[in-house]
Structures are given as structure tokens and as C-alpha cells.
Amino acid sequence: MNNEESRERWMSRVLEGIVETSRDHLLITDPEGYIQLVGDSSYEMYGIGKDELLGKSVIELEKEKVFSPSVTRKVMDTKTPQTMMQEIPGGRKLMVTAYPLWNADGSMHSVISYSHDLTEILELKRRYESLTEQLKQFESEIEELREKNQDGFVAVSQPMRDIDRLIKKVAMVDSTVLILGESGVGKNVIAREIHRNSRRFGGQFVEINCGSIPEGLLESELFGYEAGAFTGAGKQGKQGIIEMANQGTLFLDELGELPLTLQAKLLKVIQEKRLQRVGSMQYRDVDFRLIAATNRDLEKMVKEGKFRQDLYFRLNVVPIHVPALRNRPEDIAALLKLVVRTLNERYGMNKRLDAAATHALMQYAWPGNVRELENVLERMVVTADEDVITPQHLPAEIRAVGEEQAAMEPSVAASRMSLRDALEQVEEKWLRHAAERCRTTAEMAEFLGISQPSVVRKLQKYRIRST
């Protein structure tokens, strides 16, 4: 064998190697469109093996919808390079670029096409655009509710919209309302909203936390006392909060903490609409709307003998169950904007959350509910040196959740780079995410929804080591 033949065979093997190992799927045809070389990934791409494709016409394959449309055929027609999106069987999307190669006499020698599967990345892009649209919708709804949210009541989610409608109904009457929910969900905000929409709005809204006052002082705080009623009592006596709520609304928060000894006395006041101050034999008439709230299971406490059944029945006229913030994520974006605006007005600042910080805060579970959200935002607003609050200002536990979610979503920075670079950035992130969580390339393939050969090829492309 002479050197020229040896070189030709060597070059032929190199060409085959390039086709087989290229990170993009390569397909080479002659000038008439008959396939001469094709990569080993043909079955993964088209559902047809390499041996079946060799010698086939791309024009016939286009008619059979294997290529839709055929970029090679378009190059043959136009005699110029072409790039297009191509759909293949199974609904997968490819980005395909093809180039003509010329002989020395100007005739076409062959057509080389490069295909890159964009199906997974386009799905990520769709999810990102959906999230962006959702955030825009939240912002629009927040603005519409701005006047309504003056007192901090937010009703974007369906459960809170239902509560809003119930508030409007019960506000028109004086029925007793029992607000139930975890600590920090905003039970006091709902109580104020009922008062604000009621005919008693001209009267006082008087609130007391039954769990924050020592038992020895709670009775005198609730019912008031006469001068000299006990050691340390004021010389003029004192009006209790129930009297203060006359013609207005009385809100008893954390009612489950009320001692049994006072439960009977409270029940009598509710029934008779009159009370006796501590140390007095005189009755005083009182006219108030009662709203109670607790984070405890009152029915269970009744069974355990820790809460009076008759008082429970008297209170449980109109129950309102407030869901935890983690169960109504639609409200989080509205609360974020409302609380930041309130803090800016309170402290004379102009702070705002950037998109990444907002997204991280929306992913957090908020075990402390609205109260935790308010505290976290106040901490960031008063401590951040910059006007724009970014993920670096977030508490570590919230930032960690945001970073994990960010690894699953397309980068916002992709909008400032070419489409190809942006898509590769997202692909690399997903591969690294899978590599950290999966033990084998087979597990990675199942996790990512692609074939194992694709995983291996992509790991090599981005120089990622699988565990």
C-alpha cells in the first residue's frame, strides 16, 4: 500500500472519528442528498439506526417526517449555509446548521449538518418565561389591591379570597368570630379587617393577648378594678379592656391561654353583656363585638378538660381557618411588596427587592408565617447598605433554599448573552445538579429524561465528573 492510499485511509478514519465523537450530531450527504456519514447518536435523535440511514435520501426522509424540515435539502436548493429549528419524531426540537462544501471546479461536493437537541433546554426556557409572567401577574394584582391592603390584609390566593368574602359577610352583623390558625399567620390582621368593615368602625378596636399577661393580673386587665380592690391597686380604680371596647370590637388573641377560672367569668359577660370590676358589686353594661383567636386545638382542649365546652360553643359561631403561609404561596409576592413599602414609609427609605431575592423569598417555607416574613424583611431593609436588596442580603437559611432552586431554573443572566451560550449555561447547570445527586450516569439519564449516551457525551463536553 502506497503512502497516498495509507493517508486516504487515515483521513477517512479521522473523519469517521470526528462524526462519532462530535458533541453535536453530524450528518454528511453527497450533492444529491444521500447520506454518506452519520453519527452513532442517530437512533437517539431520530429513532433510526445508523446503518438504516446510510445511503438514504434526505428528501425522502423529509417526506417521511424524519426531518421536518430538512436543512440539507434547503442548502441544496439555496447553495448557502442554513440554520433552522427542526422537529423530529417524538416532538423533540433540534437546532440544525448545515454548510455546503465545494469542489475546485465550483460544483457542490457535499453538505455537512450539525444538530443539537434543545428539547430539555427549551422546556426550561418555557418554565422560566412562565415564572416571569407569573411574577408580572402578581405585581399587577398587588397594585390593584394596594388600597385594599392598607392595613396589611392580602388576599391573592383562593383561600384568602374566600376569607375576604366571609369577612365582608360577618362584618355586617355582630356574630362572634373565632379565628384559627398557626402562630404568625395574621389572625390579628383579619380581626382588624372585620372591625374596619363593620358598623362599629367608629368605636375602638381593643386587643389583648391572653398569653402575654400573668394570670394574677389578667383578670384586672380584662374586667378592670375598683380603688383599693387589692394591694397595689390605683386610688382611682381602672377601666378594663372589655369596658374600653364598649361600642367597638374586643379582640382576644391566644384565647386558648385563658385560665379556666376566668373562662366562666368571660362566658357570663358574653351572655349578659355586663360585667363587674374586681372588688365591685356593681354591674356595668357593655356593648362590644367579640372576636377571638387561637393557634391551639380548642376541641381537643375541651376533651382534656382544659377549656370550657360552653364557652367554646359560645365562641365558635363563625369560625375562620387561616391557612399557613406555605400553603398559600400566591400571597407571598403580594406580602413582600406590601411589607417593603410599609417599611420604606416608616423609616423614610427607598429599598426594593431584586428579582433573584424575590424568587428566593418565594421559595422559602416560612415556618413562622407572616410574622417571620415581616421580621426578615425589616432586618434586611434596615441593615442593607444598598437600596436594592439582593440574595446576598438574605439570611443563610433562605439563601440556601434560593440557591438550590436557582440550580433548577435558567439563569436570569441568560438574557444578556447569545441564545446558544444561554442554553449551554442552563444545560451545564442541570448536568452538575444531576451529577451531585446521582450515583451513576444511568441514574442521571433517568433524572434528566435523556439517554445515557447523551449524558456521557455532555459530561465530557463540560468536563464534569460523575460520582
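Start with the whole chain under a surface representation: its accessible surface comes to about 24400 Å², and 49% of that belongs to carbon and sulfur atoms. Keep in mind throughout that this is a predicted model. Switching to a cartoon, you will find 20 helices and 14 strands in the chain. If you colour by burial, buried residues make up 46% of the 467 residues. A contact map restricted to separations of 6 or more would show that residues 24 or more positions apart account for 60% of the contacts in the chain.

**First stop: the antiparallel sheet**

Select β1 to β5 next, and you have an open sheet of five strands in the order β2-β1-β5-β4-β3, with antiparallel pairing. Which strands stand at the edges of this sheet? They are β2 and β3, the latter covering residues 82–88, and because each has a single partner strand, one side of each is left without a neighbour in the sheet. Looking across the strands, you should find a twist that averages 25° from one strand to the next.

Now narrow the selection to residues 25–29 and 35–38, which are strands β1 and β2, paired in the antiparallel sense over three bridges. Within this pair, Ile-28 stands opposite Leu-37 in β2. Five residues lie between the two strands of the hairpin, and in that hairpin Gly-33 takes a positive phi near 90°.

**Second stop: helix α5**

Move on to residues 71–78, helix α5, and show the side chains of Val-71, Thr-72, Val-75 and Met-76, which are the buried residues of this helix. Why do these four lie on the same side of α5? They cover an arc of only 145° around the axis, and this places them on one and the same side of the helix. To see what covers the buried residues of α5, add β1, α4 (58–63), β3, β4 (92–102) and β5 (108–117), which are included in that cover; several strands of the antiparallel sheet from the previous stop, among them β1, β3, β4 and β5, therefore reappear here.

Both ends of the helix deserve a closer view. At the N-terminal end, Ser-70 acts as a cap, with a side-chain oxygen that lies 3.4 Å from the backbone nitrogen of Thr-72. Just after α5, select Lys-79, which takes a positive phi of about 65°.

**Third stop: the parallel sheet**

Next select β6, β7, β8, β11 and β12, five strands that form an open sheet in the order β7-β8-β11-β6-β12, this time with parallel pairing. The edges are taken by β7 (205–209) and β12 (318–321), and since each has a single partner strand, one side of each is left without a neighbour in the sheet. Neighbouring strands of this sheet are turned by 15° against each other on average, with direction ignored.

Inside this sheet, pick out residues 177–180 and 289–294, which are strands β6 and β11, running parallel and joined by four bridges. Here Val-177 stands opposite Ile-291 in β11.

**Last stop: Val-388**

Finally, centre the view on Val-388, which is found in strand β14 (residues 388–389). Is Val-388 buried, partly exposed or exposed? Its relative accessibility is 26%, so Val-388 counts as partly exposed. Leaving aside residues up to four places away in sequence, Val-388 touches Arg-352, Asp-354 and His-393. For Asp-354, which is 34 residues from Val-388 along the chain, a distance label between the two C-alpha atoms should read 6.3 Å.

Note on methods
Residues numbered from 1 in each chain as written. Predicted model: local features only at pLDDT ≥ 70, side-chain atom pairs only at ≥ 80, totals over all residues. Heavy atoms only, no water. Pairing = 2+ DSSP bridges. Axes fitted to C-alpha atoms, helices over the stretch in contact; angles between N-to-C directions. Buried < 20%, exposed > 50% of the residue type's maximum accessible area, 1.4 Å probe, protein only. Arc of directions from axis to C-beta. Contact = heavy atoms within 4.5 Å. Polar contact = N/O pair within 3.5 Å; in protein donor to acceptor, adjacent residues only side chain to side chain. Areas by Shrake-Rupley, 256 points an atom, 1.4 Å probe, with all protein chains shown as cover.
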